[in-house]
Amino acid sequence: MKKEKVFWGLFFILAGIFIIVSKLGYFVEVNAFSLILTIFLIACVLKSVKHLHFSGIFFPIAIICIIYANPLGISAITPGPVLGAALFASIGFSIIFHDKYHYAHFAHFNHGEKISTVIDQEDGNKIIFDTSFGSSIKYVNTDDFVQANLDCSFGSMKVYFDNAIIQNDNATINLDVSFGGVELFFPKSWNVINKTDVSFGVVEEKNRSQSTGSPNIILTGSVSFSGVTIFYV
């Protein structure tokens with residue numbers, strides 16, 4: 001809730017600044033809708049900076065460049081070049097900064113062909129699963145599930161939790177998803193609490209939970225330019 005208050009607080013502060021700037025005669029070629037969209041995009045950038053979510057930083061900036069191409073005199077590099085630059089910048093920075101966590105990459109390429117990897121083995125109570133530029137499937141097998149860190153960028157990921165058991169009524173899944181698709185399969189008895197930050201994406205449920213209130217699975221992290229779908233099985 002605190003994060004949402006900060007986000008909307010910044011949104012309205014920026015709205016006030018843009019109103020004053022526009023009345024002073026700057027960006028007279030930009031209409032009210034473009035100003036509102038710009039405020040929203042800047043707020044998305046500020047949210048993404050905290051999580052080092054690079055696609056959520058560079059693509060909103062690229063869209064802002066497109067909106068203000070004429071006033072800024074940069075029409076020659078919009079829209080294609082600036083969007084392409086945002087794409088490659090997102091990929092490059094993600095590779096550099098995500099590598100510092102030393103996650104294992106389960107989805108990879110072999111001689112130019114994408115390999116979809118299936119991981120089905122005994123797990124501990126904390127799980128790390130990472131997919132980039134590929135597709136992967138993970139079956140979580142543990143009788144004391146506590147936490148999972150799921151990182152998916154420019155790829156697809158399916159994670160099945162139906163064989164996992166939560167001992168202490170609460171477990172956490174931290175999502176870092178950009179330009180990808182993630183499908184999560186939970187037991188119908190689990191109660192999902194969604195606390196993710198979503199920018200230009202969606203987190204949706206396909207089936208109905210039959211939870212009585214516990215155990216709780218708490219979704220945190222960020223989702224940008226991506227879709228996360230929850231299935232109850």
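**Group meeting: strands, core and ring pairs in a predicted model**

Let me start with one residue, T229, which touches V182, E183, L184, E204 and K206, leaving aside residues up to four places away in sequence. T229 sits in strand 13, residues 227–232, and at 13% relative accessibility T229 counts as buried, because the cut-off for buried is under 20%. Please keep in mind throughout that this is a predicted model.

Now the overall picture. The protein has five helices and 13 strands, and of its 233 residues, 42% are buried. The protein exposes about 12,400 Å², and carbon and sulfur atoms supply 60% of that area. If we take the contacts between residues at least 6 apart in sequence, 63% of them join residues at least 24 apart.

From there I would like to go to the interior. In soluble globular proteins, nonpolar side chains tend to be buried together. Here, the largest nonpolar core has 29 residues, and those with the most contacts inside it are F145, L150, F161, I173, L184, F186 and I217. Which elements give two or more residues to this core? They are strand 3, strand 5, strand 6, strand 7 (170–178), strand 8, strand 12 (216–224) and strand 13, and the largest share, four residues, comes from strand 7. L184, which we met a moment ago as a contact of T229, also touches L150, V159, F161, L219, V228, I230 and F231, again not counting residues up to four places away in sequence.

Strand 3 deserves a word of its own. Five of the seven residues in strand 3, residues 126–132, are buried, so this strand is largely enclosed by the rest of the structure. Strand 3 pairs with strand 5, residues 147–153, in the parallel sense and over seven bridges; S132, for instance, has S153 in strand 5 as its bridge partner.

Next, the aromatic rings, of which the structure holds twelve pairs. F145 and W190 form a stacked pair, with 6.4 Å from centre to centre and 0° between the planes. F145 lies in the loop between strand 4 (135–141) and strand 5, while W190 lies in the loop between strand 8 and strand 9 (191–194), so this pair ties together parts that are 45 residues apart in sequence. Both F145 and W190 are buried.

A further stacked pair is formed by F185 and F231, at 4.9 Å centre to centre and with 10° between the planes. Because F185 belongs to strand 8 and F231 to strand 13, the pair ties together parts that are 46 residues apart in sequence. F185 is buried, with a relative accessible area of 10%, and ring pairs link F185 and F231 with Y139 and Y160 into a cluster.

Finally, the charged side chains. How many salt bridges are counted? The count comes to one, between E183 and K158, whose closest N and O atoms are 4.0 Å apart. E183 lies in strand 8 (residues 181–186) and K158 in strand 6 (residues 156–160), so the salt bridge ties together parts that are 25 residues apart in sequence. Are these two residues buried, exposed or partly exposed? E183, at 26% relative accessibility, counts as partly exposed, and K158, at 33%, counts as partly exposed as well. And E183 brings us back to the start, since it is among the residues that T229 touches.

Methods: Residues numbered from 1 in each chain as written. Predicted model: local features only at pLDDT ≥ 70, side-chain atom pairs only at ≥ 80, totals over all residues. Heavy atoms only, no water. Buried < 20%, exposed > 50% of the residue type's maximum accessible area, 1.4 Å probe, protein only. Pairing = 2+ DSSP bridges. Contact = heavy atoms within 4.5 Å. Areas by Shrake-Rupley, 256 points an atom, 1.4 Å probe, with all protein chains shown as cover. Core = buried A, V, L, I, M, F, W, Y, C linked by side-chain atoms within 4.5 Å. Phe/Tyr/Trp six-rings, centres within 6.5 Å; stacked < 30°, edge-to-face > 60°.
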